[in-house]
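Let's go through this one by asking what the labels rest on. Keep in mind that the model is predicted.

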Amino acid sequence: MNDTPVTGAEQETAICVSHLTKLYKLYDKPTDRLKEALGLTRQKKYTEHYALNDVSFDIHTGETVGIIGTNGSGKSTILKIITGVLAPTQGEVRVNGRISALLELGAGFNMEYTGLENVYLNGTMNGFSREEVDARLKAILDFADIGDFINQPCKTYSSGMFVRLAFAVAINIDPEILIVDEALSVGDVFFQAKCYKKFEEFKKQGRTILFVSHDLGSICKYCDRVVLLNKGVKRAEGKPQAMVDLYKKLLVNLDDGEEPAEEANHPSDSEQAEAVRAATEEKLKTDDSLTGGLMMNPNTVSYGEKQAEIVQVYTEDAAGNITSSLEKGKPFRIHMKVRFHENVADPIFAYTFKNLQGTDMTGTNTMYEDTPIPPMKAGDEITVTFTQEMDLQGGEYLLSFGCTGYRDGDFRVFHRLYDILNVTVISTKNTVGVFDMNAKVSFDVGRAD
């Protein structure tokens, strides 16, 4: 890695990543590694794993850039190489500016030291004198807001206190480039809001921010540009919404390999949505999985008398993609296919969203929606689609399905699938509570004479 400052025409580039490759050798046994190191074998005793493979991109001064990708795509690896924690196998990184990085919770902290001692330790590691840390100490302590715990050993801290102090140090040492890797997911909602407000201040000051996050709402809201990694390779880079849409395709193996358009497919683009839905229907003809390719909760509870059986469920975004990541404020669809093993006169189909604590958030069924279903015979199949707008707050939810009805005057549960899908709601604006009432704000100012 070459982190010498760039000059002249390159001054507008804060970080230049050029043909970066990181190769790991994976050995079946520790003895194989030893034999190779000692030259005792000429046979290849390892398999090659590319955490990164020929990745290149530039980050310009003042940009906020996000890196997204599936697990194992190389996101954290590339941040560690940029910050000098790891050395690349090939390629180089050039950095123009002082970096402050928050890569792992408590990285660089001595657990036996107090919080205050660690503030000075980290300041020294970043090239500050004690006097310079003294000048920033109040801002650090105010931002961390951990009270008297600042004088206690860090080994006594909760994970929340840890990240508050680590982030406070990282952003108050006047970095020109701030790098963050998922650290904000540990803090509470108020601390996260405080951090993102600091992001806004940094952007206005022309600072450069690079961060990895699975919070796609934050990616869309704060990033000027997004780099999408997949299996160690840069799949694409561009506008946040376009990259999020492509990422959702990667999650269900619907990536067609084409470069995304400059602008994302929006719900108003009905032709694009219908084209995607047609491709989805073709895929489902050969995909008889229960969740249409979406990840299924291994703890799903399934029960019922099985006069009817739910054979496929999935969610679809406004652009027609099968995905478990849905955007707040946008239309989406819930699909359930049911196969009947016996004659049923008046079946009822239902879905329910729960939060991760198991509390029902919302749901409906065909009876509530006054949509009577015709009598079904043994061997029949029906696909029921619920179309609505997503007004739940950003976050994680569990989706359940049910097919019920009446036989001989008694209510029967034919088949239920509890908590089968995990749905992520992507939001760039949340309100208080569990759903958004879509308020419109107006005001009338009376001026004093």
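Q: Which residues of H2 are buried?
A: Lys75, Thr77, Ile78, Leu79, Ile81 and Ile82. Buried means under 20% relative accessible area, so each of these residues falls below that cut-off.

Q: What makes H2 "mostly covered"?
A: Six of its eight residues are buried.

Q: How do you know that S1 and S4 pair?
A: Pairing takes at least two bridges, and S1 (residues 13–27) shares five with S4, in the antiparallel sense. In the pairing with S4, Thr21 stands opposite Gln90.

Q: What does H2 touch when it packs on the sheet?
A: Helix H2 (residues 75–82) touches S1, S2 and S4, and its direction makes about 120 degrees with that of S1. Touching here takes heavy atoms within 4.5 Å.

Q: And where does H1 lie?
A: Helix H1, residues 30–37, goes across S1 and S2, at about 105 degrees to S1.

Q: In what order do the strands of the open sheet come?
A: The order is S2-S1-S4, three strands with antiparallel pairing.

Q: Why is one side of S2 and of S4 left without a neighbour in the sheet?
A: Because S2 (46–60) and S4 (90–95) stand at the edges, and each has a single partner strand. As for the turn between neighbouring strands of this sheet, it averages 20 degrees, direction ignored.

Q: What is the phi of Gly84, the residue that follows H2?
A: Positive, near 85 degrees.

Technical notes. Residues are numbered from 1 along each chain as its sequence is written. This is a predicted model: local features need pLDDT of at least 70, side-chain atom pairs count only at pLDDT 80 or more; totals for chains, interfaces and linings use all residues. Side-chain values use heavy atoms; hydrogens and water are left out. Helices (H or I, at least four residues) and strands (E, at least two) are DSSP runs, numbered from the N terminus. Axes are lines fitted to C-alpha atoms, for helices over the stretch in contact, and angles run from 0 to 180 degrees between N-to-C directions. Buried means under 20% relative accessible area, exposed over 50%, partly exposed in between (1.4 Å probe, protein chains only).
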